[in-house]
Amino acid sequence: MKKDEENEEFYELSSHVDNLIKKKIDTKRIREVDRSKKTAAFESVLDERTITQLQKILDKGILNDIEGIISAGKEANVYLGYVQNSHEVAIKIYKIDSNTSRWMKNYIIGDPRFKKVPKNIAKIIYLWASKEYKNLKRAQRAGLRVPKPIYVRDNILIMEYIGFGSIPAPKLKDIVNPINKEFLLNDILDFIKNLYQKSKLVHGDLSEFNILYHNQKPFYIDISQAVSIEHPKSEKYLVRDIKNVFRYFEKYNMALPNPEDFYYETIEV
Ligand SMILES: Nc1ncnc2c1ncn2[C@@H]1O[C@H](COP(=O)(O)OP(=O)(O)OP(=O)(O)O)[C@@H](O)[C@H]1O
Ligand SMILES: [Mg+2]
């Protein structure tokens, strides 16, 4: 493909994605990535490499369309996309950012699954996306309620979409008074325990912010930072997850088990 055609395609896709982004995104978070280009500057949260990679994924037919943005965050954006037969998927795209890659190392170094930590920022982010994919796979194999991972390439992760039509499931933190709190508590505690005992992982960022409430059931997301139970900080992260969950339920004036007993029950082999 000639350079000009390549550029044209690149800008076509980027403007497509940008238009979607502009619809809903918090504009403060959009940063201009490419003022140096002769072509008119465009605003995007996606860098050139990511857009090229997205184009390849569309060309290969892995994805049919990217429709809109579900969430714009510091580390990643999540988009609604479609695969063949018009099935919705969630596309999580990690931003290539040096600040992000710095703290990510805490969750990579010490995990026996990742012997070498890349020096290159982009490669750390790619490793991070593949880590989320692997963690989702492990959790899914253990029968846990996580989005099914579908595809990962570089900083792009495609997974099962949790929601109805174009409306993504709300986060548990936005549900004012969930009706089935006993079930919810037990399900979340079972998730922590099974993730530890069956998948040999600790979530590491579990809270009402990373649980979606769909069909009155919790779905556990954002599992990229999850570490192997052999990681030197796994117990610290486990305690943090347990504390978050108990803190969430405290406001509901319900009988709670003892968090310390639950911790020991979880780690006992
Ligand atoms: N599989 C999914 N189906 C539907 N919505 C999803 C899915 N995955 C993520 N989301 C939505 O995108 C949001 C951000 O996803 P996630 O928590 O995985 O990313 P994050 O790393 O926390 O991003 P941030 O930088 O915003 O904290 C979620 O809170 C949820 O609303
Ligand atoms: Mg999150």
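This passage looks at the surroundings of ligand 1 and at how helix H7 packs against two other helices in a predicted model.

Ligand 1 has 21 residues around it, and Ser71, Gly73, Val78, Ala90 and Asp222 come nearest. Strands turn up repeatedly in this shell: E1 (65-72), E2 (76-83), E3 (87-94) and E5 (156-160) each supply at least two of its residues. Sorted by class, the shell holds eleven nonpolar residues, along with six charged and four polar ones.

Away from the ligand, helix H7 (residues 259-267) packs with helix H6 (residues 234-250), their axes 11 Å apart and at an angle of about 140°. Angles over 145 degrees would count as roughly antiparallel, so H6 ends up oblique to H7. The crossing of H6 past H7 is right-handed. On the H6 side, the contact is made by Leu238, Val239, Ile242 and Phe246, which meet Pro259, Phe262, Tyr263 and Thr266 of H7. Seven of the residues in this contact are nonpolar and one is polar, with no charged residue taking part.

Helix H7 also packs with helix H5 (residues 181-197), here at an angle of about 30° and with the axes 8 Å apart. Because angles under 35 degrees count as roughly parallel, that is the label for H5 relative to H7. From H5 come Leu189, Ile192, Lys193 and Tyr196, and they meet Phe262, Glu265, Thr266 and Ile267 in H7. This contact brings in charge: two of its residues are charged, beside five nonpolar and one polar. Phe262 and Thr266 of H7 appear in the contact with H6 and again in the one with H5.

Note on methods
Residues numbered from 1 in each chain as written. Chains lettered and ligands numbered in written order. Predicted model: local features only at pLDDT ≥ 70, side-chain atom pairs only at ≥ 80, totals over all residues. Axes fitted to C-alpha atoms, helices over the stretch in contact; angles between N-to-C directions. Helix = DSSP H or I, 4+ residues; strand = E, 2+ residues; numbered from the N terminus. Parallel < 35°, antiparallel > 145°, perpendicular 65-115°, else oblique. Left-handed = near helix turned anticlockwise from the far one by under 90°. Contact = placed C-beta atoms within 7 Å. Nonpolar A, V, L, I, M, F, W, Y, C, P; charged D, E, K, R; others polar. Near = placed C-beta within 6 Å.
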